[in-house]
Amino acid sequence: MRTIDWDYEKNNIVMIDQTLLPGEYKIIECSTIESLREAIRMLRVRGAPALGAAGGFGIALSAFRSDASSLDALLEDIKTAGETIIATRPTAVNLSWGVRRVTSAVEDARNLKEAKAFALDEAKAIADEDVEKNMKLGESGAALLEDGDTVMTHCNAGRLACVDWGTALGVIRGARAQGKDIRVIACETRPLNQGSRITAWELMEDKIPVTLITDSMSGTVMRKGMVDKVIVGADRITQDAVFNKIGTYTHSVLAKEHKIPFYVAAPISTFDFEHLEDEIKIELRKPEELKFFGNQQIAPLNVEVYNPAFDATPMENVTAIITENGIFYPPFLINEVKIKI
Ligand code: MRU
């Protein structure tokens, strides 16, 4: 099934619980805004485009669960739900984008029945468009890859980070669909291991050759000539930086040093050219993520911990940004991006 979807019988959100992968493939349901927020906070659903869909479906869920008897009261419920959903994870712009897009669709409704229908139609449109856009993005980005390339990636920017297909992994899927033999080096992505748990699993499911490395091995594999290109996803692209999973910046510096192209693959919904790097809040996660591996304690309990979920890569380290509207090269001019949006 898709990473996240709507159950039309129960009017619930359904999703693959990504915290259990690769050991267990389990579908869970969210029937309340609180359970959706828990799923987002715990990374049961994660990855910027999937969070966009989660935000959209979240507004539909709040419309279906609301017991408001007037349209104004329903809009008020939706607004409150949207604010709480957005506050769950601050860095990926897609979450607030999904919430706002569906909220504004509901504002056109003339009665309660229409409001629910508009919310669900718009949320479903976000999900469907995500798949289409990723396939388009994957096809255009595939032109950058040559037969025989090895691509290094970080975190999971695959089908599980999206509704389907993927962004960085979408480019790899696109190139393989064109008959190119592409291999992948997946960085483990500490501390939550999206690379080893999800990217490696997802690629193996598709029989795409993948080699797993720890994050600290990226320099040595680049120096040994084992990497032809780096492709990562993005959680937010401001005028001056690309926000993505912590560790991405380090790989970008190493790629620059070793003259390896560093590509970012992301849908236009990830762009936030109204802002600059310094204005964006980076999510700080719990110290326990570094002190425990599962139930195993791996650090002194009282050690001080710094655990940002994301970092910012300055644009000067980015070779190109691959989108569904084509490939952008430096300088990444606000006007050019706006025209393509
Ligand atoms: O904390 P996560 O797992 O939600 O972080 C995900 C990433 O950083 C991805 O690389 C990014 O969202 C792009 S997904 C296409």
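## The largest pocket

What is the volume of the largest pocket? In this predicted model, the largest pocket comes out at about 750 Å³.

Let's look at what surrounds that space. The pocket is lined by 25 residues, and Met42, Leu192, Arg285, Glu288 and Glu289 sit closest to its centre. Sorted by class, the lining is made up of ten charged, nine nonpolar and six polar residues. Helix H7 (194-205), helix H10 (288-291) and strand E11 (292-293) each chip in with at least two lining residues.

## Where the pocket sits

Where does the largest pocket lie? Its lining takes residues from both domain 1 (4-134) and domain 2 (140-339), so the pocket lies between the two.

## The nonpolar cores

Now for the cores. In soluble globular proteins, nonpolar side chains tend to be buried together. Here, the largest nonpolar core has 41 residues, and the ones touching the most other members are Ile4, Ile13, Met15, Leu36, Ile40 and Phe57. Several elements give two or more residues to this core, among them strands E1 (4-7), E2 (12-16) and E3 (27-30), along with helices H1 (33-41) and H5 (112-142). Helix H2 hands over the largest share, with ten residues.

Pick out Ile13 and you can see how its surroundings fit together. Not counting neighbours within four places in sequence, Ile13 is in contact with residues including Ile4, Trp6, Ile28, Cys30, Leu36, Phe57 and Leu61. There's also a second, separate core, this one of 25 residues, with Val230, Ile237, Ile321 and Phe332 among them.

Terms used
Residues are numbered from 1 along each chain as its sequence is written. This is a predicted model: local features need pLDDT of at least 70, side-chain atom pairs count only at pLDDT 80 or more; totals for chains, interfaces and linings use all residues. Side-chain values use heavy atoms; hydrogens and water are left out. A nonpolar core is a set of buried Ala, Val, Leu, Ile, Met, Phe, Trp, Tyr and Cys residues joined through side-chain atoms within 4.5 Å. Buried means under 20% relative accessible area, exposed over 50%, partly exposed in between (1.4 Å probe, protein chains only). Helices (H or I, at least four residues) and strands (E, at least two) are DSSP runs, numbered from the N terminus. Contact means heavy atoms within 4.5 Å. On a 1 Å grid over the protein atoms alone, a cavity is a set of points where a 1.4 Å probe fits but cannot get out, and a pocket is an open set with protein on both sides within 12 Å along at least five of seven lines; lining residues have an atom within 4 Å of a point. Grid points are joined across faces, edges and corners, and a volume is the space filled by probe spheres set on the points. Ala, Val, Leu, Ile, Met, Phe, Trp, Tyr, Cys and Pro count as nonpolar, Asp, Glu, Lys and Arg as charged, and the others, Gly among them, as polar. Domain bounds come from an automatic or database domain assignment.
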